[in-house]
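Hi there,

Here is the structure I promised to pass on to you. Please open it alongside this message, and then read on for what turned up.

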Amino acid sequence: MQEYDVALKLLLQGPAKLVMHELTGGSIEKWLDIELPKVQNLRMDLLGETGDGSLVHIELQSGNDAAMPLRMAEYCFGVYRLFGKLPRQVLLYVGEAPLRMESEIRGPDLFFRYRMIDIRDLDGDRLLESEETGDNIIAILARLRDHKAAIRKILGRIAYLPASKRETALGQFLILAGLRRLEETVEREKRKMPVYIDISENKVLGPAYKRAIKEGELEGELRILRLLIEKRFGPMPAWVEERLAGRSTTELEDLSVRVLDAHSIEDLLK
């Protein structure tokens, strides 16, 4: 099974609650692990049960497949044979090439259709604002205004996860970034992560840092940078505040990364 398939399944079954709501309009109460009783021994990607007992089938696809409508129909009727009810079906396309598949089958006495979503139609910037790290990670596949800024923000969220979850989240992020050929960019930014990790786990700076990150606003970034500058160089002169005024969120994030390597405040702001 492809790595992206495993990573996405784990995220959708766990911490990607906003993405699941976008796909299904609700939440899944229970995931079902089944193999359909067919000669082909079909195995679908995800089959879940909602609170009202209805079934939701989510299939992940990274390439265009002309036979996809037939496959989805086989899945649909396989579920019906096993459970006695038809599932709502969503095909989530995560590939890089433009989506060119059909989402229905029409015949003289037959009409079958399922919902098909190109993940780039989802608002990635909205997913970045979610409190769930899974939503943040999947945002790299969605529609984004600034991929580099998004990568920094996602790594920042991952950085203050508990150590036991951090490596898993990083691995998932790198796998999904590979679908957009952004893995090298993620690796470059990841090298700066120890800065974030050291701060987030620091008993003095950690709580304030995490609060500031969650705010996700310009003032939050300024608070982070002030903390770092004062920790590194002592009280901030008034002229530094003036130099920081008017800086964008991205510029403040860059300064926060560079501050621990700078030799002086002048060096940082040159």
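Below is a short tour, starting with the whole chain and then moving to the sheet and the helices.

**The chain as a whole**

Please keep in mind that this is a predicted model. The chain contains 14 helices and seven strands. Of its 270 residues, 49% are buried. If you take the contacts between residues at least 6 apart in sequence, 58% of them join residues at least 24 apart.

**The sheet**

A good place to begin is the open sheet, which is made of five strands in the order β1-β2-β3-β4-β7, with mixed pairing. The edges are taken by β1 (30–32) and β7 (115–118); each has a single partner strand, so one side of each is left without a neighbour in the sheet. From one strand to the next, the twist averages 25 degrees. As a reminder, strands of a sheet pair through backbone hydrogen bonds, in either a parallel or an antiparallel sense.

Both senses turn up around β3. Strands β2 and β3 run antiparallel and are joined by four bridges; here E49 has L55 in β3 as its bridge partner. These two strands form a hairpin with five residues between them. Look in that turn for G53, which has a positive phi of about 90 degrees.

Strand β3 (residues 55–61) also pairs with strand β4 (residues 88–93), this time in the parallel sense and over six bridges. If you want to find the register by eye, V56 stands opposite R88 in β4, and E59 stands opposite L91 in β4.

How many residues of β3 are buried? Seven of the seven are, so β3 is largely enclosed by the rest of the structure. Both of its faces are covered, with L55, H57, E59 and Q61 buried on one side and V56, I58 and L60 buried on the other.

**Helix α1 and its neighbours**

Helix α1 (residues 3–13) lies across β1, β2 (46–49), β3 and β4, and runs at about 150 degrees to β3. Helix α1 also packs against helix α7 (residues 163–178), at an angle of about 125 degrees and with the two axes 9 Å apart. The pair α1 and α7 is therefore oblique, and α1 passes α7 in a left-handed crossing.

Which residues in α1 meet α7? They are E3, Y4, A7, L8, L10 and L11, and on the α7 side they meet Q172, I175 and L176. Sorted by class, this contact has seven nonpolar residues, one polar and one charged.

**Helices α6 and α8**

The other helix pair to look at is helix α6 (residues 147–159) with helix α8 (residues 183–190), whose axes come within 10 Å and cross at roughly 50 degrees. Helices α6 and α8 are therefore oblique to each other as well, and their crossing is right-handed.

In this contact, K148, I151, R152 and L155 of α6 meet T185, V186, E189 and K190 of α8. By class, the residues of the contact of α6 with α8 divide into three nonpolar, one polar and four charged.

If you would like a single spot to start from, try β3: strand β3 pairs with β4 in the parallel sense, and β2 and β3 run antiparallel. From there you can move out to α1, which lies across β3 among other strands, and on to α7, which packs with α1.

Happy browsing, and best wishes!

Conventions: Residues numbered from 1 in each chain as written. Predicted model: local features only at pLDDT ≥ 70, side-chain atom pairs only at ≥ 80, totals over all residues. Heavy atoms only, no water. Pairing = 2+ DSSP bridges. Axes fitted to C-alpha atoms, helices over the stretch in contact; angles between N-to-C directions. Contact = heavy atoms within 4.5 Å. Parallel < 35°, antiparallel > 145°, perpendicular 65-115°, else oblique. Left-handed = near helix turned anticlockwise from the far one by under 90°. Nonpolar A, V, L, I, M, F, W, Y, C, P; charged D, E, K, R; others polar. Buried < 20%, exposed > 50% of the residue type's maximum accessible area, 1.4 Å probe, protein only.
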